[in-house]
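Here is a walk through one protein chain, from its loops and strands to its salt bridges. Have the viewer open as you read.

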Amino acid sequence: MTSSELWTRATADRYDAEEGEMSSAAVLGPTLDFLAGLAGDGRALEFAIGTGRVGVPLRERGVPVVGVELSEHMAAVLRRKADEDTLPVVLGDMATTVVPGEFTLVYLVYNTITNLLTQDEQVECFRNAARHLAPGGRFVIELGVPPLRFLPPGQVAVPFDVSERHLGFDTFDLVEQILVSHHFTRDAEDGSYRRGNSRHRYAWPAELDLMARIAGLEPERRVADWNGAPFTQDSTKHISVWRKPT
């Protein structure tokens, strides 16, 4: 067991509804194109597959997908969409859980590597990806760039969403590289707000490259989004690809 926080049944049941925009065809289309192109004719392994937001439609594209998921409640929601024969899921953490066989693609989307709250665990996640990859296979991570440029001296909070139904901001521990995402979500029926938060360990792209090197993976590509826009100093996130040598 890693330091990742477990999703409860209530949060798992709400996840798909609250992430509806991220599950739209407009958002998912480029993601699926990118991942399917890297998987080729091989199998794909998704770390922290959750409710199958990406894994289920990728399987529908014809890519054999296997998932690893820490929360049994998230996996139970996925089971409403795909059975075990269609999309096998192994319960366990993404840093140590081993799935039989080799894969041409291992991927980890939507900032999820930050759920591992120590550097050692994040390194082990890279090593676990390398362990599952066939020679020439790729490991892909989608991750936001830490928004520390928005922190003036003495400030520890950065807002990331201010809308009618949701208020969100991150607070930072700059010494431990820990951020806490705070969410105030408005109930559509009575207008009350539900409060939630989650802890994450942020990491810079260069730090991830070193983790990959420790795991025996080589950098292949880094872009700003799933459409392949160039990654620049002003990019707010990156899609990074590392390759296992042949």
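## Two loops with an odd backbone

Let's start with A48, which sits in the loop connecting β1 and α3. Keep in mind that this is a predicted model. A48 isn't a glycine, yet its phi is positive, near 55°. With a relative accessibility of 21%, A48 counts as partly exposed, because buried means under 20%.

Q177 does something along those lines too: its phi is positive, about 60°, and it is no glycine either. You'll find Q177 in the loop between β7 and β8 (178-186).

## β2 and its neighbours

How many of the five residues of strand β2 are buried? Five of the five, so this strand (residues 65-69) is largely enclosed by the rest of the structure. In a regular strand, side chains alternate between the two faces of the sheet. Here V65, G67 and E69 point one way, while V66 and V68 point the other way.

β2 has a parallel partner in β1 (residues 44-47), joined to it by four bridges, and L45 stands opposite V66. To get from β1 to β2 the chain passes through helix α3 (residues 55-60), in a right-handed β-α-β crossover. β2 also pairs in parallel with β3 (residues 89-91), this time through three bridges. In β3, L91 is the bridge partner of E69. Helix α4 (residues 72-79) joins β2 and β3 in another β-α-β unit, and that one is right-handed.

## The nonpolar core and a surface patch

Nonpolar side chains tend to be buried together in soluble globular proteins. In this model, the largest nonpolar core has 27 residues, and F47, F126, F139 and L217 have the most contacts inside it. At least two residues each come from β1, β2, β4 (103-108), α5 (119-132), β5 (133-144) and α6 (205-214). The top contributor is α5, with five residues.

Not every nonpolar side chain is tucked away, though. V162, L167 and Y193 form a nonpolar patch on the surface, together offering about 300 Å² of accessible area. Y193 belongs to strand β9 (residues 193-201) and is partly exposed at 44% relative accessibility.

## Salt bridges, local and long-range

The salt-bridge count comes to ten. R127 and E124 make one of them, at 2.7 Å from N to O. Both lie in helix α5, three residues apart, or about one turn of the helix. R127 is partly exposed at 36% relative accessible area, and so is E124 at 27%.

K237 and E142 also meet at 2.7 Å, N to O, but this pair links distant parts of the chain: K237 is in β11 (residues 237-243) and E142 in β5, 95 residues apart. Buried or exposed: which is E142? Buried, at 7% relative accessibility, whereas K237 is partly exposed at 23%.

Then there's E164 with R186, where the closest N and O atoms are 3.7 Å apart. E164 lies in the loop between β6 (157-162) and β7, and R186 in β8, so the pair ties together parts that are 22 residues apart in sequence. E164 is exposed at 64% and R186 partly exposed at 37%. Finally, R138, E220 and R243 are joined into one network by salt bridges that share partners.

## One last stop: D170

D170 lies in strand β7 (residues 166-173) and is buried, with a relative accessible area of 11%. Its C-alpha atom is separated by 34 Å from that of P88, 82 residues away along the chain.

Notes
Residues are numbered from 1 along each chain as its sequence is written. This is a predicted model: local features need pLDDT of at least 70, side-chain atom pairs count only at pLDDT 80 or more; totals for chains, interfaces and linings use all residues. Side-chain values use heavy atoms; hydrogens and water are left out. Buried means under 20% relative accessible area, exposed over 50%, partly exposed in between (1.4 Å probe, protein chains only). Two strands pair if DSSP finds at least two bridges between them. A crossover is right-handed if, with the strands pointing away from the viewer, the path from the first strand over the helix to the second runs clockwise. Patches are made of residues with over 30% relative accessible area and no salt bridge: like charges are joined within 9 Å, nonpolar side chains (Val, Leu, Ile, Met, Phe, Trp, Tyr) within 5 Å. Accessible areas come from the Shrake-Rupley method with a 1.4 Å probe; for residues, only the protein chains shown count as cover. A salt bridge is a side-chain nitrogen of Lys or Arg within 4 Å of a carboxyl oxygen of Asp or Glu. A nonpolar core is a set of buried Ala, Val, Leu, Ile, Met, Phe, Trp, Tyr and Cys residues joined through side-chain atoms within 4.5 Å.
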